[in-house]
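Reader: Please take a close look at one part of this protein, the place where its two domains meet. I would like a connected account of what each side brings to it.

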Amino acid sequence: MTSSASAQAGATVLVFLDPAFRDGRIADASKPQLMATDEGATRGDGVFESLLAVGGRPRKLQAHLNRLAGSARALELDIPAEDAWRRAIETAIREFRGQQAAPADGPDTGADSDADEVVVKLLVTRGVEGGAPPTCWVQASPPPAAGRRQRETGIDVVLLDRGYDSEVGERAPWLLLGAKTLSYAVNMAALRHARHQGADDVIFTSADGRVLEGPTSTVLLAHLGTTDDGEGGVRTVRRLITPQLDSGILPGTSQGALFTAAKAAGWELGYGPLVPADLYDADAVWLISSIRLLAPVNHIDGKNIGTPELRRELTAELNELFATIE
Ligand code: PLP
């Protein structure tokens, strides 16, 4: 292991769901813990969730547990009950924060402990070849510095064709497009492709020209306008829009929670279909996800999106709304 890899492993906490350990079994992240014949490793066969804990509290936990259960159902994986996950998550966060509170004893991870953010992953693999039960564990680790930076500086994005049409999710459910599976090699390849072009991230489009999602995020855009108020005046309309969920995309827990908070704050909500022209016409575009949160998009394929002032103002407003989400 390189020294940065061992520092990272030192900061990472693993808690396996194990019927013999009520609150989960803590395992050493610097030692091998999986069988090489686990089908998660040999086939990428499994599901996962990534969520953020702030101040020791996992955010949107029920939504993540619901999506994990939905992904597991889609793959016919029989996973432990919710309370076992909740207990293991609590153990992982407590252990992780305990380590951070005593940095003199541990390696310097470079994590920003001021924000007290912990990335919590829930992982399920099909298990060891030959019919073993699924392998399930929780991983707690520091948030990546790049994500925090991109929340503030914004990102440049390229549009990439995913190659499927927007109806394939319904026609071919075995593609598992609405499940959060461990098979993210394609998503990671798309991100590398974007970086080779000097961009930070990707918005996938469908073969029939619809806007879909990012490789690890949901697309969100804002349109501001005015409309007749019915009394001879005009009314300002502020609309948040996201691609429709039945277009073969993962339903985002962040987008879902933000929509609920935004509606209560007076925003109108809309669901696609969206085409790239809608992104270029938007007053602001974001990629939103549980760990990086709202990343404002500065350029798409080199074209400016909105204005920097409006982008900053709307991002600050939505960040405030997002901070109210439990
Ligand atoms: N879409 C994809 C493909 C993702 O991988 C993710 C998160 O990793 C999201 C959307 C955003 O989901 P959430 O807001 O629940 O993190």
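**Where domain 1 meets domain 2**

Author: Between domain 1 and domain 2 there are 2 salt bridges. The model is a predicted one. In one salt bridge, Arg148 pairs with Glu117, and their closest N and O atoms are 3.6 Å apart. Polar contacts also link the two domains, with 11 residue pairs counted at pLDDT 80 or more for both partners.

On the domain 1 side, the elements that give two or more residues to the touching face are strand S3 (46-54), helix H3 (61-74) and strand S5 (117-125). S3 makes the largest contribution to that face, at 7 residues. Sorted by class, the face of domain 1 holds 11 nonpolar, 6 polar and 6 charged residues.

As for the domains themselves, the assignment places domain 1 at 3-143 and domain 2 at 148-323. Arg148, the salt-bridge partner of Glu117, is thus numbered at the start of the domain 2 range. The C-alpha centres of the two domains are 27 Å apart. Across the boundary, 23 residues of domain 1 are in contact with 20 residues of domain 2.

The area buried between domain 1 and domain 2 is about 1800 Å², and 64% of it lies on carbon and sulfur atoms. Of the area that domain 1 buries against domain 2, 34% is supplied by Phe48, Lys60 and Arg67, more than any other three residues give. By residue number, Phe48 falls in S3 (46-54) and Arg67 in H3 (61-74).

Definitions and conventions. Residues numbered from 1 in each chain as written. Predicted model: local features only at pLDDT ≥ 70, side-chain atom pairs only at ≥ 80, totals over all residues. Heavy atoms only, no water. Domains from an automatic or database assignment. Contact = heavy atoms within 4.5 Å. Buried area = accessible area lost by both parts, 1.4 Å probe. Salt bridge = Lys/Arg side-chain N within 4 Å of Asp/Glu carboxyl O. Polar contact = N/O pair within 3.5 Å; in protein donor to acceptor, adjacent residues only side chain to side chain. Helix = DSSP H or I, 4+ residues; strand = E, 2+ residues; numbered from the N terminus. Nonpolar A, V, L, I, M, F, W, Y, C, P; charged D, E, K, R; others polar.
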